[in-house]
Amino acid sequence: MGKKQENYELLVEQAKSLLDGETDLVANMSNLVSLLFHEIPNLNGTTYYRFKNNELILGPFQGKPACMHIPVGKGVCGTVAQTKRTEIVENIHNFAGHIACDSASKSEIVVPVFKDDQFWGVLDLDSPEYSTFDETDGEYLSQIAPLIFN
């Protein structure tokens, strides 16, 4: 098991422990984005976007001010809202239609979040470095993101 995978295994346990017994969704989202922002290296933004009225709407986040409304199909988050599949972008400047909420961002990962098998929104992580994210991030963030509903 690699170091990154070991770190994520610990992060999953930390997230479960942090949210254990809490049923308030906003409290859970807030604490989880803070945990991720402070524990995953090289981040400049960690954000939940909720799917409502056929667009993504800003939820709790850590980092600089973020985009408040993202149309389906626009940018990395909007693409994930359309496809319901994780997007890992090594260089956001090469992603057609990228929405620059923070001009310092260079790479991004967005994972879809489901509640009761229904698309609920996305978890968006941005980095000021290129090629920050890989399949390991996608695998574990897909496990961590829906813990807000437990």
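Let's start with proline 112: its bridge partner in β6 is valine 122. Proline 112 itself has its place in strand β5. Keep in mind that you are looking at a predicted model. With 10% relative accessibility, this proline counts as buried, because the cut-off for buried is under 20%. Which residues is proline 112 in contact with, leaving aside its neighbours within four places in sequence? They are Val80, Lys84, Arg85, Thr86, Phe119, Gly121 and Val122. For a sense of scale, pick out serine 17: it and proline 112 are 95 residues apart in sequence and 22 Å apart in space, going C-alpha to C-alpha.

**The sheet around it**

Zoom out a little to see the sheet. Six strands form an open sheet in the order β3-β2-β1-β6-β5-β4, and the pairing is antiparallel. At the edges stand β3 (69-71) and β4 (87-89); each has a single partner strand, so one side of each is left without a neighbour in the sheet. From one strand to the next, the twist averages 25°. As background, strands of a sheet pair through backbone hydrogen bonds, either parallel or antiparallel.

Now look at strand β6, residues 118-127. Is β6 largely enclosed or largely open? Nine of its 10 residues are buried, so the rest of the structure largely encloses it. On one pairing, strand β1 (residues 45-52) runs antiparallel to β6 and is joined to it by six bridges. On another, β5 (residues 107-115) also runs antiparallel to β6, this time with nine bridges. Here are three residues and what they face in β6:

| Residue | Bridge partner in β6 |
|---|---|
| Arginine 50 | Glycine 121 |
| Isoleucine 109 | Leucine 125 |
| Proline 112 | Valine 122 |

The hairpin of β5 and β6 has two residues between the strands, and there aspartate 116 takes a positive phi near 55°.

**Rings and a charge**

How many aromatic pairs does the structure hold? There are five. Take phenylalanine 114 and phenylalanine 119: their ring centres are 6.0 Å apart and their planes are at 70°, so this pair is edge-to-face. The two residues fall into separate burial classes: phenylalanine 114, at 34% relative accessibility, counts as partly exposed, while phenylalanine 119, at 15%, counts as buried. Phenylalanine 119 also has a charge over its ring, since the charged end of lysine 84 sits there, 4.7 Å from the ring centre. Elsewhere, ring pairs link Tyr48, Trp120 and Phe149 into a cluster.

**Helices on the sheet**

Lysine 84 brings us to helix α3, as this lysine comes just after the helix and takes a positive phi of about 65°. Helix α3 (residues 75-83) lies across β1, β2 (55-63), β3, β4, β5 and β6, and runs at about 35° to β5. Seven of the nine α3 residues are buried, so this helix is largely enclosed by the rest of the structure. Which residues of α3 are buried? Look for Gly75, Val76, Cys77, Gly78, Thr79, Val80 and Ala81. These buried residues pack against β1, β2, β3, β4, β5 and β6. Val80 should ring a bell, being one of the contacts of proline 112.

Helix α4 lies across the sheet too, over β1, β4, β5 and β6, at about 30° to β5.

**Helix against helix**

Two packed helices are described by the angle between their axes and the distance between the axes. For α1 (residues 3-19) and α4 (residues 135-144), the axes come within 10 Å and cross at roughly 10°. That angle is under 35 degrees, so α1 and α4 are roughly parallel to each other. Which residues meet here? From α1 come Lys4, Gln5, Tyr8, Glu9, Leu11, Val12 and Ala15. From α4 come Thr136, Asp137, Tyr140, Leu141, Gln143 and Ile144.

**One more buried residue**

Finally, find asparagine 28, which lies in helix α2 (residues 25-39). Is asparagine 28 buried or exposed? With 1% relative accessibility, asparagine 28 counts as buried. Not counting residues up to four places away in sequence, asparagine 28 touches Leu19, Glu22, Thr23, Ile148 and Asn150.

Note on methods: Residues numbered from 1 in each chain as written. Predicted model: local features only at pLDDT ≥ 70, side-chain atom pairs only at ≥ 80, totals over all residues. Heavy atoms only, no water. Buried < 20%, exposed > 50% of the residue type's maximum accessible area, 1.4 Å probe, protein only. Helix = DSSP H or I, 4+ residues; strand = E, 2+ residues; numbered from the N terminus. Pairing = 2+ DSSP bridges. Phe/Tyr/Trp six-rings, centres within 6.5 Å; stacked < 30°, edge-to-face > 60°. Lys NZ or Arg CZ within 6 Å of the ring centre and 35° of its normal. Axes fitted to C-alpha atoms, helices over the stretch in contact; angles between N-to-C directions. Parallel < 35°, antiparallel > 145°, perpendicular 65-115°, else oblique. Contact = heavy atoms within 4.5 Å.
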